[in-house]
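This report describes a two-part model from its overall build down to single residues. Please keep the sequence and the structure at hand while reading.

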Amino acid sequence: MRPDLTVRLGSWEAPNPVLTAAGCAGTGRELAPFCDLSRIGAVTTKSVMIEPRAGNPMPRMAETPSGMVSALGLQGPGIDVLVQRDLPWLVSQGARAIVSLAGSGPQEYSELAHRLDGLSICAVEVNLSCVNPASQGRRFAHEPAEAAAVVRAVRDATAGDVPVFAKLAVDGVDLRELAEACVTAGADGLSLINTVRGLAVNIDTRRLAVAGGSEQGGLSGPAIRPIALAAVHDVHATVPDVPIIGMGGVRSGTDVMEFMLAGASAVAVGTAIVHDPGAGERILREFTEGLERRGIERAADLVGAAHGGNE
Amino acid sequence: MSDFRPVQVRVPVLSVRHMDSYHAITVVAPSIAERFRSGQFVAVAVGGEHSSMLLRRVFSIHDVKPDFGGTVEFVFSERGNGTEWLAERRARDLLDVVGPLGRPFPLPRDPVNCALVGEEQGAAALFPLANTLRRRGCRVDFALGGATADRVLGTAQARRLGETVSVATGDGSAGTRGGVLDLVSRLIETSRTEVVYASAPVPVLRSVAAVAEKYDIPAQVRVEEAMACGTGVCMGCVVPVVGEDGITRMARACVDGPVFRAERLRFGDVGTIPFDALGAPGWKSAVEDTAVREAG
Ligand SMILES: Cc1cc2nc3c(=O)[nH]c(=O)nc-3n(C[C@H](O)[C@H](O)[C@H](O)COP(=O)(O)OP(=O)(O)OC[C@H]3O[C@@H](n4cnc5c(N)ncnc54)[C@H](O)[C@@H]3O)c2cc1C
Ligand SMILES: Cc1cc2nc3c(=O)[nH]c(=O)nc-3n(C[C@H](O)[C@H](O)[C@H](O)COP(=O)(O)O)c2cc1C
Ligand code: FES
């Protein structure tokens, strides 16, 4: 018997728990030749801002053991292009879209959320790793109160039946406190984790291997998976009823199980897509086969099952 | 209608051989071979299934043959961990290859005289192009360069395909001593070149483009910026390119390129975000300035 793959993400029921992570699927068009976008749970867009943005200079990426350090600087065409060009295309392909928002304050996030009004999207993800200009280069996620203000602004500006996920990073924060602040402010779910601060140096040029510098370089890929799992585990223990989209180094179907057992309701695949453009469908297939092999009838039964018992 | 969308395939290695100081790997990949157009490249996963090397390594497609349903060859030199691993592959090993990727060289409508300029590994992309141009009745002349004689890729092949072949090496071990650029002016004059195709590091491309401009002939340049995915999803490979509308955008070398019309690429600003690029910190005031100037 084929297992039931559906999972609940707040008011949205996803057909299966394998999503793409923000910024790792292009506009969707680049990925479409390699992965049937209508098969995977959802495509998360690159974090979109109001205005077009050119991002950081090159070099933007460096390979590290089982990971990569990137400093992209949120290059993107702005919300108008997303709404007029990219979202309709995703919908026409039968893909389900989660839109990731990036702004410089509650006002801007709110404006972005308003522009999504009436569009067919499955969820909104609030990227809280953006620099808060009002706070000396700190990020919204560094101050629970600031993060909460952003989440509230987006929740207020988003239709009630569209869940809002707050995306957190683990650097320099008390994750449980931050998660609680976001949930209290109205987040329907949490996305964990964004890239982990990291650096690589090019010994030939004697320069940092990514031009964005140590403040902006972020490590992703399997190298951060244990960190991400711990984050998912801790946050699930803190707010057990809040759905979590887990991410950070997911590369195989068994990784999906690991994340779900630790407390994620769904997982997102990021760097693995850079490495293997077919990763989305492959991981979904591996995950499904893994459930079948173990006689697990419902994917949702995995969520949080590693909690309790042996603690 | 032909399908030009790239594919991801696990394909067997047919052969590995040496070509001067390069390695040439041929894989059996009909689906890539049948889609291929000159100038495109492949992105290869290195290190095996559980590799810790997560970025794809990209290589120009050097040759495509109908053998075994369609084989694809790429040529590379050992540089770091990934290419060292590739150099150890043997016949029947499997490779995970994505391709063909990138925008191909645009081809002239009429039979014209073409100069093909390549330095070191950059030259690899020029050979399928030369074949295609020849089939269309174009005259093809090669200018090839490299640090040393064994770094000049494909001289023998160029002799078969080209009307003339000129070679320059940094140490003078083959052809004239110097860079490939030193050959270009003479080549343009002696062979009445009408189009230049160049594939080389950006500083060389920049100079070649300047020479082409001096002679008022179009140049198509092919960049080799470092790439992580090759498919366009990661935004890791951007160069500043002026669009038809006059606005500079940070274009992805892998999917918006790697071939660009020389006058569209802002060579001097590669590696930077020009202040007036769309979405750069100063771009709005730059757009307003232009508007004011045009209105005034
Ligand atoms: C469009 C394009 C076509 C290319 N065609 C060829 C070819 O036909 N033959 C050939 O020998 N080389 C070619 N290169 C360069 C080739 O991709 C690199 O030499 C190779 O990736 C180095 O890998 P490595 O594991 O040995 O080096 P490492 O230093 O271990 O690589 C680490 C990372 O840096 C990137 N990188 C390192 N050096 C370069 C470089 N010089 N250029 C671009 N990326 C680099 C790698 O892709 C990888 O992501 C091409 C590059 C591009 C962008
Ligand atoms: C190329 C790339 C682009 C990314 N862009 C974004 C982005 O726009 N917004 C965001 O919230 N996270 C972004 N991320 C972070 C990922 O969504 C993800 O949280 C992180 O990479 C961990 O997952 P992974 O290890 O599977 O990549 C990006 C990551 C990468 C590698
Ligand atoms: S290499 Fe990833 S977008 Fe070009």
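## An exposed proline in chain B

B:Pro66 is exposed, since its relative accessible area is 70% (with a 1.4 Å probe and protein chains only, exposed means over 50%, buried under 20%, and partly exposed in between). The residue sits in the loop of chain B that runs between strand S4 (57–65) and strand S5 (71–76), where helices (H or I, at least four residues) and strands (E, at least two) are DSSP runs numbered from the N terminus. From the C-alpha atom of B:Pro66 to that of B:Glu163, 97 residues further apart along the chain, the separation is 25 Å.

## Basis of the model

The model is predicted, so that local features need pLDDT of at least 70 and side-chain atom pairs count only at pLDDT 80 or more, whereas totals for chains, interfaces and linings use all residues. Residues are numbered from 1 along each chain as its sequence is written, chains are lettered from A and ligands numbered from 1 in the order in which they are written, and side-chain values use heavy atoms, with hydrogens and water left out.

## Chain B as a whole

Chain B contains seven helices and 15 strands, and its C-alpha atoms fill a box of roughly 70 × 50 × 45 Å along the principal axes. Its radius of gyration is 20 Å, in agreement with the value near 19 Å that a compact globule of 296 residues would have; this radius is taken over C-alpha atoms, and the globule rule is 2.2 Å times the number of residues to the power 0.38. Of the 296 residues, 57% count as buried. Among contacts (heavy atoms within 4.5 Å) between residues at least 6 apart in sequence, 63% join residues at least 24 apart.

The accessible surface of chain B is about 13000 Å², and carbon and sulfur atoms account for 49% of it; such areas come from the Shrake-Rupley method with a 1.4 Å probe, and for residues only the protein chains shown count as cover. Chain B carries 34 positive and 35 negative side chains, with the centres of the two sets 3 Å apart. In this count Lys and Arg are positive and Asp and Glu negative, while His and the chain ends are not counted, and each charge is placed at NZ of Lys, CZ of Arg, CG of Asp or CD of Glu.

## Backbone features of chain B

Two residues of chain B other than glycine have a positive phi, B:Arg92 with a value near 80° and B:Glu120 with a value near 45°. B:Arg92 lies in the loop between helix H2 (81–87) and strand S6 (94–101), and it counts as exposed because its relative accessibility is 72%. B:Glu120 lies in the loop between strand S7 (113–119) and helix H3 (126–135), but B:Glu120 is buried, with a relative accessible area of 18%.

The peptide bond from B:Gly257 to B:Pro258 is cis, with omega near 5°. B:Pro258 belongs to the loop between strand S14 (248–252) and strand S15 (259–261).

## Chain A as a whole

Chain A contains eight helices and 16 strands. Its radius of gyration of 18 Å is close to the 19 Å that the globule rule gives for 311 residues, so chain A is as compact as a globular protein of that length. The C-alpha atoms of chain A fill a box of roughly 55 × 45 × 45 Å along the principal axes, and 61% of the 311 residues are buried. Among the contacts of chain A between residues at least 6 apart in sequence, 70% join residues at least 24 apart.

Chain A exposes about 11800 Å², with 49% supplied by carbon and sulfur atoms, and it has 26 positive and 35 negative side chains, the centres of the two sets lying 5 Å apart. A:Gly118, in the loop between helix H2 (106–115) and strand S8 (123–127), is exposed, with a relative accessible area of 78%.

## Where the chains meet

The size of an interface is often given as the accessible area lost when the parts come together. Chain A and chain B bury about 2900 Å² between them, 60% of it on carbon and sulfur atoms, where buried area is the accessible area (1.4 Å probe) that two parts lose on being put together, summed over both. A:Met58, A:Glu63 and A:His275 supply 23% of the area that chain A buries against chain B, more than any other three residues. In terms of contacts, 38 residues of chain A touch 37 residues of chain B.

A:Met58 also takes part in a cis peptide bond, which leads to A:Pro59 and has omega near -5°. A:Pro59 is placed in the loop between strand S4 (43–44) and strand S5 (61–64) of chain A.
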